[in-house]
Number of protein chains: 2
Amino acid sequence: MSNKTVNVAVVGATGAVGEKIIRELEAKDFPVKNLKCLASKRSAGKTVTFKNESIVVEEATPDAFRGVDIALFSAGGSVSKQLVPHAVEHGAVCVDNTNAFRMDPNVPLVVPEVNSEKIREHQGIISNPNCSTIQMVVALKALYDYYGFKRLIVSTYQAVSGAGANAVKELLDQSRAVLNGEPFDPQQLPVGKLNKHFQMAFNAIPQIDVPDENGYTLEEMKMVRETKKIFGDESIQVTATCVRIPVVSGHAESIYVELERDFQLEDVRQQLRDADGVTLVDDLEQQLYPMPIGAEGKRDVFVGRLRRDLANARALNMWVVSDNLMKGAASNTVQIAELLVN
Amino acid sequence: MSNKTVNVAVVGATGAVGEKIIRELEAKDFPVKNLKCLASKRSAGKTVTFKNESIVVEEATPDAFRGVDIALFSAGGSVSKQLVPHAVEHGAVCVDNTNAFRMDPNVPLVVPEVNSEKIREHQGIISNPNCSTIQMVVALKALYDYYGFKRLIVSTYQAVSGAGANAVKELLDQSRAVLNGEPFDPQQLPVGKLNKHFQMAFNAIPQIDVPDENGYTLEEMKMVRETKKIFGDESIQVTATCVRIPVVSGHAESIYVELERDFQLEDVRQQLRDADGVTLVDDLEQQLYPMPIGAEGKRDVFVGRLRRDLANARALNMWVVSDNLMKGAASNTVQIAELLVN
């Protein structure tokens, strides 16, 4: 594609991520010729504002992709599995923000700060990685290039917005109920479609997404598998514990990384200051460190609490925070779309 | 001390932990002859209920310990530093629930399920470890004995009650304010006496206690130092990331442990089922795992999400939850007192 205006479709335009994608297309002045807002039949007929124009949401059907150049999918894995092939058939390049195609060997899995060159290999589909993976690989890219690493141990502190707008509403309503001593009936978390639902307000739930294999959840295995694929390095060993906490927006991660070479902490800080997409916030004495509330609405990945493992001179603890709907979803998607048009 | 009734003093009787200690003395039918409730001058004159009797709180002064056999301290490190020596001089055995004497080589640091034999070495003072350490060592004791380990990597998800009753009130008031879109002014967290205070509602704060050394907080270093002392094994390497989350009660920990011997996961489960003070809740397929809300008011340490590191066959991830005011403070303190009288 040349540097002209393009027809863009956003699938899942009324969802939490879809809305952020539309705001990112505006904010970054993406060269949109025509914007098609697609969603489920239920949401068809609603309106969405784009650059002060009101756009009527249409139902996402196979034929809706005629004439679309770039389709940005954020409507869940089953919608992507069903509609992405039709969009590709109609000639659109799809940037898919679901788990549907991420591990498909024919589909590049792209975080622009890490492996933008992979975009060239696409055959109509580019996958956007999972939110928790994206912020980890952005934070680690400079360390991977400069020091190398084979081993990551990560524990996440994930926001409820990652489970969708209904889950956020439930967290807020439930928090009110708990504060007022009123009854409530959890329906959304940890996973809407599973049997059991738990209180999220003033609680921590050590399950995100469905069980996968060997006692790990799918969310945990996404971090294992996607990290290898994004770095193109099957030797990277990741083990993850993914936990939902009562935060609306902004995932945090406690990452332990064993580097392949000796390091000076000040050099690591300098690498991170220079890294694309990273903001270093790291001075414990001054109480400077990233927190979810400070990351909201920002595009960067924030890194702090850098410190050497006192027992393993090659290993480093770090604390990584990012807005899971922005860099973790919408802004990474729009960055990929920008690479496609440039 | 023989198995008779004893005179007990609770210092910090009106605080969050002090109140729980008094409830534990009742619940476990501790052989109390006389209960003295001590607190700061400000709280003197308040009343506390013990076994349906009303006890007037007295000011904690050096002379208040005359005739006291066992003094249970939970009024902060500076109060302990000042008054514990006086209590010892008056012949009391002190169980101190602050950081004041924990690393003193003459003071046993005791978790009854792990090192109850150390109590015999006391010279008037026994320290109760920090809450986050206690639940970790209880969860790991059986694995230490059976498989051995040298290396722990832990990330915590800590409740606000660990910062005191005022911090809990602030979390609840602040949550209401956020939900209602009203202003608020953080005063308590992460550390009341430090300069900067942050929103705790719907946020995660990667600082607990003051900065210590090498970029670690004191809370993190407590986990490093106390674990070695409790196991009596300086070769145990701990690296910790301690994070406060908007939970009222119940600390959670994501623990990565490298065992010294090969293991079968089912054997590890059996070790934990048989372990003192541990309840195993571990079946992801059935969505069974410990959570802070389920641990509230319980004495046990709950362990779940057991799974092997897919890249390191000797290593194990586990998720450990306990009521930080109960096993993390009050019930461990009363267990130590029980060992003293038995």
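Which side chains meet in a salt bridge at 2.7 Å, N to O? In this predicted model, select A:Arg305 and B:Glu220 and display their side chains, for these two form that salt bridge, with a distance of 2.7 Å from N to O. Keep the pair on screen while widening the view to the interface of chain B and chain A, across which the rule finds six salt bridges.

Next, colour chain B by secondary structure and look at the side that touches chain A, where the elements giving two or more residues include the helices α5 (165–180), α6 (218–231) and α8 (292–295), together with strands, among them β9 (149–157), β11 (251–259), β13 (301–309) and β14 (312–322). Recolour that side by residue class, and its residues divide into 32 nonpolar, 18 polar and ten charged. If polar contacts are then drawn between chain B and chain A, the count is 40 residue pairs, both members at pLDDT 80 or more.

Now select the whole contact set, in which 60 residues of chain B are in contact with 60 residues of chain A, and show it as a surface: the area buried between the two chains is about 5400 Å², with carbon and sulfur atoms giving 58% of it. Within this surface, pick out B:Leu179, B:Phe202 and B:Gln287, which supply 12% of the area that chain B buries against chain A, more than any other three residues.

Finally, superpose chain B on chain A, which takes a rotation of 180° with 0.0 Å of shift along its axis and leaves an RMSD of 0.0 Å; that is the relation of a two-fold axis. The same surface serves both copies, since 100% of the contact residues of chain B recur in chain A.

Conventions
Residues are numbered from 1 along each chain as its sequence is written. Chains are lettered from A and ligands numbered from 1 in the order in which they are written. This is a predicted model: local features need pLDDT of at least 70, side-chain atom pairs count only at pLDDT 80 or more; totals for chains, interfaces and linings use all residues. Side-chain values use heavy atoms; hydrogens and water are left out. Contact means heavy atoms within 4.5 Å. Buried area is the accessible area (1.4 Å probe) that two parts lose on being put together, summed over both. A salt bridge is a side-chain nitrogen of Lys or Arg within 4 Å of a carboxyl oxygen of Asp or Glu. A polar contact is a pair of N or O atoms within 3.5 Å; within protein, one must be able to donate a hydrogen and the other to accept it, and residues adjacent in sequence count only if both atoms are side-chain atoms. Helices (H or I, at least four residues) and strands (E, at least two) are DSSP runs, numbered from the N terminus. Ala, Val, Leu, Ile, Met, Phe, Trp, Tyr, Cys and Pro count as nonpolar, Asp, Glu, Lys and Arg as charged, and the others, Gly among them, as polar. Copies are superposed by least squares on the C-alpha atoms of residues with pLDDT of at least 70 in both.
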